Each structure stands twice: as structure tokens, then as C-alpha cells.
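Open your viewer, switch to a cartoon view and get ready to make a few selections. We will go from stop to stop, and each one tells you what to pick and what to look for.

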Amino acid sequence: MTLYYCHDNNKFTLNSGGSCEAVFSTHNREGKANGHDEFVIGKYRIVIETNFYPKNKSREYIRVNIYVKGIQLLPISLACRLADVNYHFSEHEISFVEFGAGKNKGIPPFTIVQCNPNIDWNMLLQMICTICNDYEQWVIEQTLLLEEKLEKYHMHSFVHIATFIRIVRKYDQLITNFNDVYTPFLNKYCFCAMKNLLNYVSSTKACEIQHKRDEGDYIWTYIKDFWLSNRKSL
């Protein structure tokens, strides 16, 4: 199968013809050393890594990273997951879901991951087309799904709010008015989160709170950007 990029409408497609340029062809090259493909076209950079390993099918995978204007697209709705009896929330949790616990050590999250026995080139290329051709909507949907999970599982601590801000705000420069998607959620919790952080800091030894500086920076920056700077519009 072949993935094409249509220059007439700046879309990815599985159909040839017209101004379509072939950018990637599927393969079954054995071993991860032979399974690296990368191409740049327009504002997109796509990296496709494979590891076809007939001697041990359980190790086989296809993983894809999609970058738009240099920004990695991630399925951030997977960042909140159930682990044992508690829900964990961080960007690293995405790789737990993608690869499975015990199989993701040292592996970062990817835009798309398929592991044996769920490897399907046709489905993978279709997913690339779907994500790239409407990446703004895809990011928005992922963000809303993540918000729903955090609401459902009552994950509103200052650590959770700071983590959410860090994960979603990198897309500000990619999507016009993207803040309209997440400000309703953050406006409900950012001040309480900052208050709780200040209470924590004031009652904890200095040597134990250094790692909380980043949480405070993320929350305070959000407050400055969307309350102190734009107070009249809220």
C-alpha cells in the first residue's frame, strides 16, 4: 500500500492520481534497524518505525510520530489511566497504554502505536490520513476526552492541574484560539489548585518542596495569561 500527499488540497490520501505524490510505501523489512522511515512534506514531518521479527512475533510493532510545524501530536486522552486501584495522570502514562505495562520502559509515547497481533497497515495509513487531514479537530477531541476523565475521577489537585496545563498548552501555537477549548475546565480549578499549592508549600520543609516549583510556574503562568492579562474579556 502507498500513502500519497495531494498537493491540490494539501491532504493525505490512499488514492493516486492528479497532483498526488507518493510519500510512503508499506513493507515487511525485518528488524528495527531496517524499519525507520521519515519524510517531510509541507508542515508535516512523519516518522514511521517498524520492528518485524518473525522469530518472536510478540516483539513486533509499528509506531508513528506525527509532527505538525514541529509539534508532536499525542493521544493525550490516554494520559489518564487506571493503574491497580488508582488513576495515574502524566504524559508518560500514554506509553503504558500504547505498549502495555512492563513493555514500555524507557519508551516515550507516540502518535500511533500498533503491536502484534494488532498490526494492520491499512488501518494505520487511514489513521495517519485522519489525524493529519484534520489535526486541529483531533487535538480538540483528545483534549475534551482528557477533561472528561479528569472530571469523572475528581483529579483536580494542583499536581493534576499543572500537568494538564503542561500537556495541552503546547498546542496553543498550533491551533487558533485553542485556549477556548480548555479555559472553561481550568477556570473551575486553577485558583483552588494554586491555593492548595501555597498551603502545601507553607507547611512543608523547604528541602521537600523544590520539585513543586514547576507546578507553581505552570498554574501561575496560566493565571497571568488568561486572568490578569485578559480580565475584561472573562
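**Stop 1: a bridge in strand 3.** Start by selecting T2 and S25: S25, in strand 3, is the bridge partner of T2. Keep in mind as you look that this is a predicted model. Now widen the selection to residues 2–6, which make up strand 1; 5 bridges join strand 1 to strand 3, and the two run antiparallel.

**Stop 2: the sheet around it.** Which strand order does the open sheet of 3 strands have? The order is 2-1-3, and the pairing is antiparallel. Color residues 11–13 for strand 2 and 20–25 for strand 3: these are the edge strands, each pairing on one side only. Turn the view to follow the twist, which averages 30° from one strand to the next.

**Stop 3: the helix across the sheet.** Add residues 121–133 to your selection. This is helix 2, and it lies across strand 1, strand 2 and strand 3. Relative to strand 2, helix 2 runs at about 165°.

**Stop 4: a hairpin.** Hide what you have and select residues 80–83 and 86–89. These are strand 8 and strand 9, paired in the antiparallel sense over 4 bridges. Show L82 and Y87 as sticks: Y87 in strand 9 is the bridge partner of L82. Strand 8 and strand 9 form a hairpin with 2 residues between them. Click on D84 in the turn, which has a positive phi of about 60°.

**Stop 5: two helices in contact.** Two packed helices are described by the angle between their axes and the distance between the axes. Select residues 158–168 for helix 4 and 179–202 for helix 5; their axes come within 8 Å and cross at roughly 135°. Helix 4 and helix 5 are therefore oblique to each other. The crossing of helix 4 and helix 5 is left-handed. Next, show the side chains in the contact: helix 4 contributes F158, I161, F164, I165 and V168, while the residues from helix 5 include Y182, F185, L186, Y189 and N196. By class, this contact has 13 nonpolar residues, 1 polar residue and no charged ones.

**Last stop: the whole protein.** Zoom out and show everything. How many helices and strands does the protein have? There are 6 helices and 10 strands. The C-alpha trace spans about 60 × 45 × 30 Å along its principal axes. Of the 234 residues, 46% count as buried. Among contacts with a separation of 6 or more, 54% are between residues 24 or more positions apart.

Definitions and conventions. Residues are numbered from 1 along each chain as its sequence is written. This is a predicted model: local features need pLDDT of at least 70, side-chain atom pairs count only at pLDDT 80 or more; totals for chains, interfaces and linings use all residues. Side-chain values use heavy atoms; hydrogens and water are left out. Two strands pair if DSSP finds at least two bridges between them. Axes are lines fitted to C-alpha atoms, for helices over the stretch in contact, and angles run from 0 to 180 degrees between N-to-C directions. Angles under 35 degrees count as roughly parallel, over 145 as roughly antiparallel, 65 to 115 as roughly perpendicular and the rest as oblique. A crossing is left-handed if the near helix is turned anticlockwise from the far one by less than a right angle, and right-handed if clockwise. Contact means heavy atoms within 4.5 Å. Ala, Val, Leu, Ile, Met, Phe, Trp, Tyr, Cys and Pro count as nonpolar, Asp, Glu, Lys and Arg as charged, and the others, Gly among them, as polar. Buried means under 20% relative accessible area, exposed over 50%, partly exposed in between (1.4 Å probe, protein chains only).
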